[in-house]
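Subject: Structure handover

Hi,

Here is the structure I said I would pass on. Have a look at it first, and then read on for what turned up.

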Amino acid sequence: MERIILEEIMEKDKNQEPLQGDRSEEKQQKSVNRRDVLKGIATVPVLGAMAYGWWRKKRYDNFLNNQLSKELGMSYESPPAPVYARDGKPVRLGLIGFGIRGPQIARGAGFVHPDEIDTLKQAARENSADRRYQNYLEQEDMNLVVNGVCDVFDVHAERAIQTGANVNRVGTDGKLGKLPKRYRTYKELLAADDIDAVIIAAPDHWHGPMTIEAAKHGKHVYCEKPMTWTVPETYEVVKAVKENNIIFQLGHQGRQTESYIKAKEAIDKNILGKISLIEVTTNRNSPDGAWVYDIHPDASEKNIDWKQFIGQAPWHEFSLERFFRWRCWWDYSTGLSGDLLTHEYDAMNQILGLGIPDSATSSGGIYFYKDGRTVPDVLHTIFEFSEKELSLMYSATLASDKDRGKVIMGHDASMKLGNSITINADPESTRYKNKMQSGVIDPALPIYSYVPGRKNVDAVTSATEQYFADRGLLYTYRGGKRVDTTHLHVHEWINSIRTGKQPSCNIDRGFEEAMTAHMGTIAYKENRRVFWDRDNQKIV
Amino acid sequence: MNNSLNYSKSQLYLLTALRVVIGWHFLYEGLVKLANPDWSSIGFLLDSQGVFSGLFYSLASNPDVLKVVDTLNIAGLTMIGLGLILGSFTRLATIGGIILLAFYYLSHPPFIGLKYVLPMEGSYLVVNKNLIELVALCVLLVFPTGHMLGFDRLNYLIRKR
């Protein structure tokens with residue numbers, strides 16, 4: 001058997017004539033024999049094979065992508081970032097309600113309590129992947145000033161004051177700006193001359209009365225969802241907002257979610273075909289998620305203005321549980337319908353322009369949280385939209401964390417929607433039938449997927465990206481900014497105040513949201529199918 | 001270089017084939033990333049588990065560091081791939097490959113109790129494809145072929161002249 005001996009090279013080396021003077025490189029080359037050259041370049045053709053394979057694969061991918069993009073006409077570009085007006089005059093804010101959501105919206109507006117800044121800084125120090133502090137610092141300054149605050153609980157009111165004064169975005173070691181004035185009642189705050197606009201984050205039963213009062217004083221309103229607690233006040237809110245010509249933004253910050261804007265593009269281009277069913281869900285499984293919030297240890301009848309909290313709600317003796325966990329009682333709350341269905345509905349209303357449904361049926365019950373609550377912890381509401389010829393099914397439980405997401409089902413394709421979008425062709429689609437037969441479309445792979453911030457998402461990598469995106473491990477924000485949607489929503493509202501343009505979740509969208517939620521609630525409470533009388537604009 | 005080795009023809013060809021296919025794998029991984037301007041290692045890094053996960057998280061957390069990591073990874077994969085296929089700077093390429101694979105393995109060790117968001121394409125316990133490829137490169141380190149079938153043969157001869 002022929003042996004190839006490694007020493008052969010060394011041997012040859014020994015036999016070579018010694019180098020002489022300035023022998024040219026060309027001569028050196030010649031002294032390496034032909035066999036050496038062949039052996040030296042023996043594997044070079046492999047590169048040729050790879051180049052050919054690369055070219056074939058690119059051509060194939062391009063073919064598929066071109067066929068697909070021609071068919072879909074969808075872009076992978078992110079929607080353009082809105083450009084907002086900046087004029088020299090600051091907008092003077094009032095903060096009403098400073099429990100849980102109040103501080104979050106204040107942060108979106110640029111104001112964070114010094115304690116909270118310390119916490120964020122500490123978190124960033126301990127875990128460099130925690131970028132909340134940096135995100136906050138990068139948040140654009142909207143030129144706002146907080147002149148007044150109001151909360152019926154002294155501790156919350158005090159925190160609101162400190163938050164509003166933290167104009168330098170500093171921790172407890174920094175210097176605060178001018179302290180905003182604390183008003184004992186929202187009415188006094190709304191009557192103040194040095195306030196242009198208010199953020200309302202009080203309990204549900206206060207949204208309507210506060211918005212109406214604000215509008216009467218010509219103050220612009222950013223109001224948390226749901227817009228109203230009762231049906232009659234819904235009409236009054238609309239009337240007050242329109243008559244007084246204020247800028248009203250309802251707090252569905254999902255309006256700013258990039259994937260929803262993209263989803264609308266896909267719907268407008270009819271990529272899903274005829275849509276017959278939309279499934280939206282809420283799954284939560286924690287006391288916090290079920291509104292069993294912590295009771296502040298310092299809270300008592302002495303530092304809570306209980307009478308003002310009750311307002312138009314039925315009288316009840318002082319209860320810390322009811323004060324901190326008000327969402328659990330119809331007396332102050334709108335339940336799942338108002339708190340969480342509204343977010344899902346508003347997303348679909350944004351994407352599909354649904355308007356108010358023709359009918360609603362609901363069922364559910366208090367199946368898990370036997371804590372004295374009156375609102376259900378499991379709820380399913382089905383809305384029918386006769387003009388659009390589709391059903392919207394909302395299904396929720398506060399006792400399971402299984403992720404079900406949002407799905408829009410069409411004859412030709414279905415869309416799964418979260419922070420990202422995935423559209424899969426339907427195996428029985430008429431429109432994509434030929435493309436599926438020719439192999440251009442594989443129903444198992446998305447025909448379109450969009451992860452915010454990403455330009456090129458190809459079918460091969462999208463499954464993984466989907467995985468990440470839906471779990472919040474988004475590498476879409478690589479090197480760039482992760483922006484709080486609440487900040488964008490507040491910014492849009494502020495811009496509308498400055499320019500007079502209507503914001504995305506204006507009073508008309510608010511009316512649709514409120515009536516839809518009320519239909520779901522009435523259907524549950526009265527255990528009947530509820531209808532929307534379009535001619536008379538009322539629930540029957 | 002251990003020059004006392006001698007191989008049969010089939011030993012030489014098969015060792016070279018092993019070198020070339022591993023090279024192909026590296027090169028293609030490098031080129032795919034190079035061709036995708038949006039590719040980043042951040043998802044992979046953030047999905048790290050095990051004792052070294054802290055290190056990998058910290059690499060991912062700073063955009064500037066991440067950019068360097070990404071560039072080094074793409075350049076490393078491509079150069080190592082070319083080196084192994086062509087048999088050029090084979091020893092350097094082999095060692096580089098072992099280091100890269102060690103990083104991949106250590107960031108996602110398939111140990112009992114560690115779970116990953118990133119789906120794996122097989123079932124593994126302790127041994128996964130990264131480890132096998134790493135060991136294969138170790139084999140190639142002690143059974144080199146570049147100076148017999150590869151540019152290293154020419155390099156060596158020319159340099160000795």
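Helices and strands here are DSSP runs, with at least four residues for a helix and at least two for a strand, numbered from the N terminus. Keep in mind that this is a predicted model.

Let me start with chain B. On that basis chain B has 7 helices and 1 strand, and the order from the N terminus is β-α-α-α-α-α-α-α. Its C-alpha trace spans about 50 × 35 × 25 Å along the principal axes. Chain B has 161 residues, and 48% of them are buried. If you take the contacts in chain B with a separation of 6 or more, 75% come from residues 24 or more positions apart.

The surface of chain B may interest you for charge work. About 7800 Å² of chain B is exposed, with 72% of that supplied by carbon and sulfur atoms. Chain B carries 11 positive and 8 negative charges, and the mean positions of the two sets are 18 Å apart.

Now for chain A. Its secondary structure comes to 19 helices and 17 strands. Chain A has 540 residues, of which 51% count as buried. For contacts in chain A between residues at least 6 apart in sequence, 72% join residues at least 24 apart. Chain A exposes about 25100 Å², and carbon and sulfur atoms supply 50% of that.

On to the aromatics. Over all chains there are 19 aromatic pairs. One of them joins Trp330(A) and Tyr524(A), with 6.4 Å from centre to centre and 45 degrees between the planes, which makes it tilted. Trp330(A) is in the loop between helix H14 (320-324) and helix H15 (335-352) of chain A, whereas Tyr524(A) is in helix H19 (residues 507-526), so this pair ties together parts that are 194 residues apart in sequence. Trp330(A) is buried, as its relative accessible area is 16% and the cut-off for buried is under 20%. The ring of Trp330(A) also has the charged end of Lys525(A) sitting over it, 4.4 Å from the centre.

Chain B has an aromatic pair too: the ring centres of Tyr105(B) and Phe111(B) are 6.3 Å apart and the planes are at 75 degrees, so the pair is edge-to-face. The two partners are covered to different degrees: Tyr105(B) is buried at 9% relative accessible area, while Phe111(B) is partly exposed at 41%.

Back in chain A, a single aromatic cluster is formed by Phe153(A), Trp306(A), Phe309(A), Phe318(A), Phe323(A), Phe324(A) and Tyr332(A). Another charge over a ring is found at Tyr136(A), where Arg169(A) lies over the face at 4.9 Å from the ring centre.

One last spot to look at is Leu354(A). Where does Leu354(A) lie in chain A? Leu354(A) is in the loop between H15 and strand S9 (359-365). Its relative accessibility is 7%, so Leu354(A) counts as buried. Beyond its neighbours within four places in sequence, Leu354(A) is in contact with Tyr345(A), Met348(A), Asn349(A), Phe385(A), Lys388(A) and Leu390(A). Of these partners, Lys388(A) is 34 residues away along the chain, with a C-alpha separation of 7.5 Å from Leu354(A).

Cheers

Notes:
Residues are numbered from 1 along each chain as its sequence is written. Chains are lettered from A and ligands numbered from 1 in the order in which they are written. This is a predicted model: local features need pLDDT of at least 70, side-chain atom pairs count only at pLDDT 80 or more; totals for chains, interfaces and linings use all residues. Side-chain values use heavy atoms; hydrogens and water are left out. Buried means under 20% relative accessible area, exposed over 50%, partly exposed in between (1.4 Å probe, protein chains only). Contact means heavy atoms within 4.5 Å. Accessible areas come from the Shrake-Rupley method with a 1.4 Å probe; for residues, only the protein chains shown count as cover. Lys and Arg count as positive and Asp and Glu as negative; His and the chain ends are not counted. The place of a charge is taken as NZ of Lys, CZ of Arg, CG of Asp or CD of Glu. Rings of Phe, Tyr and Trp (its six-membered ring) pair if their centres lie within 6.5 Å; planes under 30 degrees apart count as stacked, over 60 as edge-to-face and the rest as tilted. A charge sits over a ring if NZ of Lys or CZ of Arg is within 6 Å of the ring centre and within 35 degrees of the ring normal.
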